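Let's walk through this model together, strand by strand. Have the viewer open and follow along.

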Amino acid sequence: IDLDDRPYWKWVFDSRSRTFCTGEHKEGCGCFTYPSGNVYTGDWKADKCHGLGTYMDTEGNTFEGSWSQGKLEGLGLCAFRGGQQYCGQLRGGLKHGFGVFRYSNGNVYVGDFEADKIHGLGTLMHSRGSRFTGRWKEGRVDGVGRFVWADGDSFEG
């Protein structure tokens with residue numbers, strides 16, 4: 001029970017490293033509840049989320065994957081309260097590299113991201129059947145691409 005508003009640390013035994021905690025620092029595997037009510041469950045190193053873990057905030061967002069020094073790094077899955085989902089590469093907690101983003105309206109983007117924005121080569125598939133494949137820069141179409149309507153007609157340019 002958290003009586004003085006300090007974070008609550010629930011010890012979870014990690015059979016791989018056979019550790020719970022070293023001194024006052026979170027080390028090994030555990031479940032940590034922040035004063036805000038957000039929860040991280042997973043691997044820890046030197047008081048930071050580090051290794052595999054899941055972070056759930058009080059707004060209903062979930063971030064699951066590989067963590068490094070307290071940030072998502074490598075492959076991860078992000079599920080947002082509004083119904084959006086991202087599965088792919090992350091750097092410093094941001095979408096960066098190849099990934100798939102599913103919008104709440106049914107549209108799906110498959111391709112490259114940079115610094116949390118659609119950037120590079122990718123395809124945006126609309127829920128009604130049309131799609132655009134081409135280059136993107138900072139979230140906007142940039143240069144030549146191909147648009148295909150739901151009936152199969154297409155335009156390239």
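A good place to begin is the pair formed by E10 and strand E11 (residues 108-114), which run antiparallel and share 6 bridges; two strands count as paired if DSSP finds at least two bridges between them. Within this pair, Gly-99 sits opposite Gly-111 of E11. The hairpin that joins E10 and E11 has 5 residues between the strands, and Gly-106 adopts a positive phi near 100 degrees there.

Before going further, please note that this is a predicted model, in which local features need pLDDT of at least 70, side-chain atom pairs count only at pLDDT 80 or more, and totals for chains, interfaces and linings use all residues. Residues are numbered from 1 along each chain as its sequence is written, and side-chain values use heavy atoms, leaving out hydrogens and water.

Now step back to the whole chain. The protein chain holds 0 helices and 15 strands, where helices (H or I, at least four residues) and strands (E, at least two) are DSSP runs numbered from the N terminus. Of the contacts (heavy atoms within 4.5 Å) with a separation of 6 or more, 4% are between residues 24 or more positions apart.

Let's return to the hairpins, moving on from E11. E11 pairs with strand E12 (residues 117-125) in the antiparallel sense, again over 6 bridges, and Glu-114 stands opposite Lys-117 in E12. The E11 and E12 hairpin has 2 residues between its strands, with Ala-115 at a positive phi near 50 degrees.

In the other direction, E9 and strand E10 (residues 94-102) are antiparallel partners over 6 bridges. Here Cys-87 has Val-100 in E10 as its bridge partner, and Gly-92 takes a positive phi near 60 degrees in a hairpin with 2 residues between the strands. One step earlier, strand E8 (residues 71-79) and strand E9 (residues 85-91) also pair in the antiparallel sense over 6 bridges. Gly-76 is bridged to Gly-88 in E9, while Gly-83 shows a positive phi near 105 degrees in the hairpin, which has 5 residues between the strands.

Finally, look at Cys-31 in strand E4 (residues 28-33). Is Cys-31 buried or exposed? Cys-31 counts as buried because its relative accessibility is 17%, and buried means under 20% relative accessible area (1.4 Å probe, protein chains only). Its C-alpha lies 8.8 Å from that of Asp-43, 12 residues away in sequence. Across the protein chain, 31% of the 157 residues count as buried.

Note on methods: Buried < 20%, exposed > 50% of the residue type's maximum accessible area, 1.4 Å probe, protein only.
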